[in-house]
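Work through the exercises below with the model open. Try each task before reading its solution.

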Amino acid sequence: MPVVLACVVLLTGCGGGDEEATVPEAEAPATPAPAATPGAGTSTVGVGQAETLSDVPFTLNTEQPVPPNFSEAYGRRARIAVQFYKLDEDSLGYPQGLSVDRGVRDAMDRLSAQYPTIEFFSYDISNPGPADDAGELQEGQYGTLAAQLGIGVTPYVAMLAPSGEEYVITNLFQGYTPEPVLSQALFDLAAVEVEDNTSDINVRIENVDLTDDGGGIEFFSVQNPTESPVNLRGFTLRVLSPEDAQVDPDAPQVTINSDVRIPVRGSASIGRVPDVVDADGEVVDGTFEGGTELDLAPGDQVALLDPGGAVASTYTV
């Protein structure tokens with residue numbers, strides 16, 4: 001008798017008879033769980049990390065303290081990728097582990113060399129700097145930028161592009177994100193048609209050292225993060241306007257007038273005279289013309305322009 005009952009139950013559950021089985025309506029997908037940390041045997045993208053269904057408008061409030069180089073790129077309507085990470089332990093412990101932040105930060109650093117037309121910005125979340133008008137932001141400080149972007153869990157990556165008269169956030173990533181996912185999002189961002197003035201030569205200003213009598217440039221150093229050598233001949237260094245962070249074509253400038261070849265993933269220093277010694281104690285690799293009339297002061301911004309006049313890098317003195 002138990003065997004017969006089991007068969008009846010089985011037939012009933014399988015939709016026996018002439019009636020078709022009823023298919024339940026699909027339910028809305030549940031909110032995804034946070035992604036596991038790397039090494040846990042998964043490459044699932046975490047909460048908030050899928051490509052956004054629609055672009056989210058974003059307006060930078062420049063009345064509040066924000067990084068000058070970020071504000072300059074925003075004003076130039078460049079494509080922007082900005083990341084926040086955390087490397088220091090805190091008293092409460094960190095839920096995903098600091099290796100996650102390092103992993104995403106290092107992935108973004110590697111990818112930045114592949115997308116020269118995107119402006120990359122990277123900030124340690126523990127170093128905001130002044131969030132009011134108490135003082136100027138220093139290199140690496142972000143002020144109110146994290147709050148304006150609505151940053152949540154780190155690592156946090158936001159990708160922004162100009163659209164019409166405004167900016168939009170095209171992708172947001174929070175927590176662990178596989179490098180191929182970040183690369184695809186950057187590829188999509190680079191494909192956005194913009195009319196910015198960003199150079200396709202990927203070099204970065206590392207340091208600007210002023211003369212002892214103030215205002216002029218003693219030397220400056222430039223890094224090449226790519227897999228191809230770069231010649232800086234014809235590049236210029238110009239002061240950005242303090243009002244709108246734009247390049248003033250009539251302002252005094254520095255011009256690199258010699259062959260200065262930066263090797264793959266190397267750097268080079270350019271001085272006002274051939275025997276200037278850079279921050280590493282090495283004689284500079286080349287010289288520039290001009291620079292004595294720049295009248296620079298701490299907090300001023302300069303931009304490195306390629307021979308075509310496009311902005312390759314900016315730096316806050």
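**Exercise 1: an aromatic chain of contacts**

Phe 58 and Tyr 74 are both buried (buried means under 20% relative accessible area, exposed over 50%, partly exposed in between, with a 1.4 Å probe and protein chains only). The model is predicted: local features need pLDDT of at least 70, side-chain atom pairs count only at pLDDT 80 or more, and totals for chains, interfaces and linings use all residues. Residues are numbered from 1 along each chain as its sequence is written, and side-chain values use heavy atoms, with hydrogens and water left out.

Task: which ring stacks with Tyr 74, and at what distance centre to centre?

Solution.
- Step 1. Apply the ring criterion: rings of Phe, Tyr and Trp (its six-membered ring) pair if their centres lie within 6.5 Å; planes under 30 degrees apart count as stacked, over 60 as edge-to-face and the rest as tilted.
- Step 2. Tyr 74 and Tyr 167 are stacked, at 4.5 Å centre to centre with 20° between the planes.
- Step 3. Place the partners: Tyr 74 is in helix H2, Tyr 167 in strand S5 (residues 166-174), 93 residues apart. Helices (H or I, at least four residues) and strands (E, at least two) are DSSP runs, numbered from the N terminus.
- Step 4. Check burial. Tyr 167 has 1% relative accessibility and counts as buried; Tyr 74 is buried at 16%.

**Exercise 2: the open sheet**

Task: in what order do the 5 strands of the open sheet stand?

Solution.
- Step 1. Use the pairing rule: two strands pair if DSSP finds at least two bridges between them.
- Step 2. S1 and S5 run antiparallel, joined by 3 bridges. Val 56 has Ile 169 in S5 as its bridge partner.
- Step 3. The full order is S1-S5-S4-S2-S3, with mixed pairing.
- Step 4. S1 and strand S3 (118-124) are the edges; each has a single partner strand, so one side of each lacks a neighbour in the sheet.

**Exercise 3: alternation in S10**

Task: which side chains of strand S10 (residues 253-256) are buried?

Solution.
- Step 1. Recall that in a regular strand the side chains alternate between the two faces of the sheet.
- Step 2. Val 254 and Ile 256 point to one face and are buried. Gln 253 and Thr 255 point to the other and are not.
- Step 3. Add the neighbours. Strand S9 (residues 236-239) runs antiparallel to S10 over 3 bridges, and Arg 238 has Gln 253 as its bridge partner.
- Step 4. Strand S13 (residues 286-290) also pairs with S10 in the antiparallel sense, over 3 bridges. There, Gly 290 stands opposite Val 254.
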